[in-house]
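Me: I should like a close look at a single part of this protein, explained step by step for a first-year student. Please place that part in its wider setting as well.

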Amino acid sequence: MTVHAPNSPLPYGIRSLYDMMDGNPGAGYATTVQGLRKNPNDILLNSLAIVYEYMMGQKDKAAHRMQTLVEAHPEWNKNRTLSYTISRNYITMNQKDLGLAFYRNYLKQDKNPARGHLDYARLLTRAGKYEEALKECRISRNKLSEEEKNSKIRKNKIKIRTTRSWAVRINKKHGFNGN
């Protein structure tokens with residue numbers, strides 16, 4: 001009796017995770033690739049393959065696979081958390097320009113630009129672009145409404161100050177003037 005649909009990616013994903021937890025990532029990757037032959041667009045299997053490729057030092061291959069997966073799901077760029085996570089992953093895989101461009105694309109539709117620009121400042125900092133991060137902190141601050149600027153509940157403003165202070169310290173450490 002089969003508890004899953006024929007050609008389902010589920011058994012490949014489960015077996016792959018079992019192999020990884022059992023200390024055999026090579027076998028886990030092979031199982032994942034085998035599952036991808038039958039289910040090339042499966043999100044779980046592609047995600048597992050990205051993790052394996054990254055762990056094995058194949059960052060370019062992982063980034064390419066991620067880009068293919070992301071392009072197949074344009075709706076992901078409509079969600080702040082997914083956009084931020086995907087951008088951060090690109091930056092981690094040394095695809096900084098791609099990661100920053102992905103989030104900039106999200107910013108065009110962001111309904112909370114103060115938060116969006118603050119998150120973008122964090123991504124810029126992660127990418128080592130401290131001057132640009134400081135500018136984004138200023139943009140974020142300027143996007144706050146007057147009510148938000150004067151309100152006692154200023155979570156965004158506190159985050160901006162914290163990030164800005166951190167960026168200023170980083171800038172000074174690296175010899176930037178902070179303007």
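Which residue follows helix α7, and what is the sign of its phi? Please take α7 as the part to examine, and then relate it to the rest of the chain.

Reply: The model is a predicted one. The residue that follows α7 is G128, and its phi is positive, near 80°.

Let us begin with the helix itself. Helix α7 comprises residues 113-126, 14 residues in total. From its first C-alpha to its last it reaches 20 Å, which is close to the 20 Å expected at 1.5 Å a residue. Of these 14 residues, 10 are buried, so α7 is largely enclosed by the rest of the structure. A residue counts as buried when its relative accessible area is under 20%. The buried residues of α7 are A114, G116, H117, L118, D119, Y120, A121, L123, L124 and T125. For the protein chain overall, buried residues make up 41% of the 179 residues.

One of the buried residues of α7, Y120, leads to the aromatic rings. Five aromatic pairs are found in a search of the whole structure. In one of them, the ring centres of Y84 and Y103 are 6.1 Å apart and the planes meet at 85°, so the pair is edge-to-face; planes over 60 degrees apart are given that name. Y84 belongs to helix α5 (residues 80-92) and Y103 to helix α6 (residues 96-107), so this pair ties together parts that are 19 residues apart in sequence. Y103 also pairs with Y106, in a tilted arrangement with 5.3 Å from centre to centre and 45° between the planes. These two residues are three apart in helix α6, a separation of about one helical turn. An α-helix has 3.6 residues a turn, so residues three or four places apart point the same way. Both Y103 and Y106 are buried, and the relative accessible area of Y103 is 0%. Ring pairs link Y84, Y103, Y106 and Y120 into a cluster, and Y120 is the member that was listed above among the buried residues of α7.

Helix α1 offers a useful parallel. It runs over residues 10-21, has 12 residues and reaches 17 Å between its first and last C-alpha, close to the 16 Å expected at 1.5 Å a residue. Its buried residues include Y12, G13, S16 and D19. These cover an arc of only 125° around the axis, which puts them on the same side of α1. The buried residues of α1 pack against α2 (25-38) and α3 (43-55). After α1 comes G23, with a positive phi near 85°.

Helix α3 appears again at the largest pocket, which holds about 300 Å³ of space. The pocket is lined by 15 residues, and those closest to its centre are S47, I50, M66, N89 and M93. The elements that contribute two or more residues to this lining are α3, α4 (59-71) and α5.

Finally, consider the whole chain. The secondary structure comes to 10 helices and zero strands. Among contacts between residues at least 6 apart in sequence, 53% join residues at least 24 apart. Within this setting, α7 is a helix with 10 of its 14 residues buried, and its Y120 is part of the cluster of linked rings.

Methods
Residues numbered from 1 in each chain as written. Predicted model: local features only at pLDDT ≥ 70, side-chain atom pairs only at ≥ 80, totals over all residues. Heavy atoms only, no water. Phe/Tyr/Trp six-rings, centres within 6.5 Å; stacked < 30°, edge-to-face > 60°. Helix = DSSP H or I, 4+ residues; strand = E, 2+ residues; numbered from the N terminus. Buried < 20%, exposed > 50% of the residue type's maximum accessible area, 1.4 Å probe, protein only. Expected span 1.5 Å × (residues − 1). Arc of directions from axis to C-beta. Contact = heavy atoms within 4.5 Å. 1 Å grid on protein atoms, 1.4 Å probe; cavity = no way out; pocket = protein on both sides within 12 Å on 5 of 7 lines; lining within 4 Å. Points joined across faces, edges and corners; volume = space filled by probe spheres on them.
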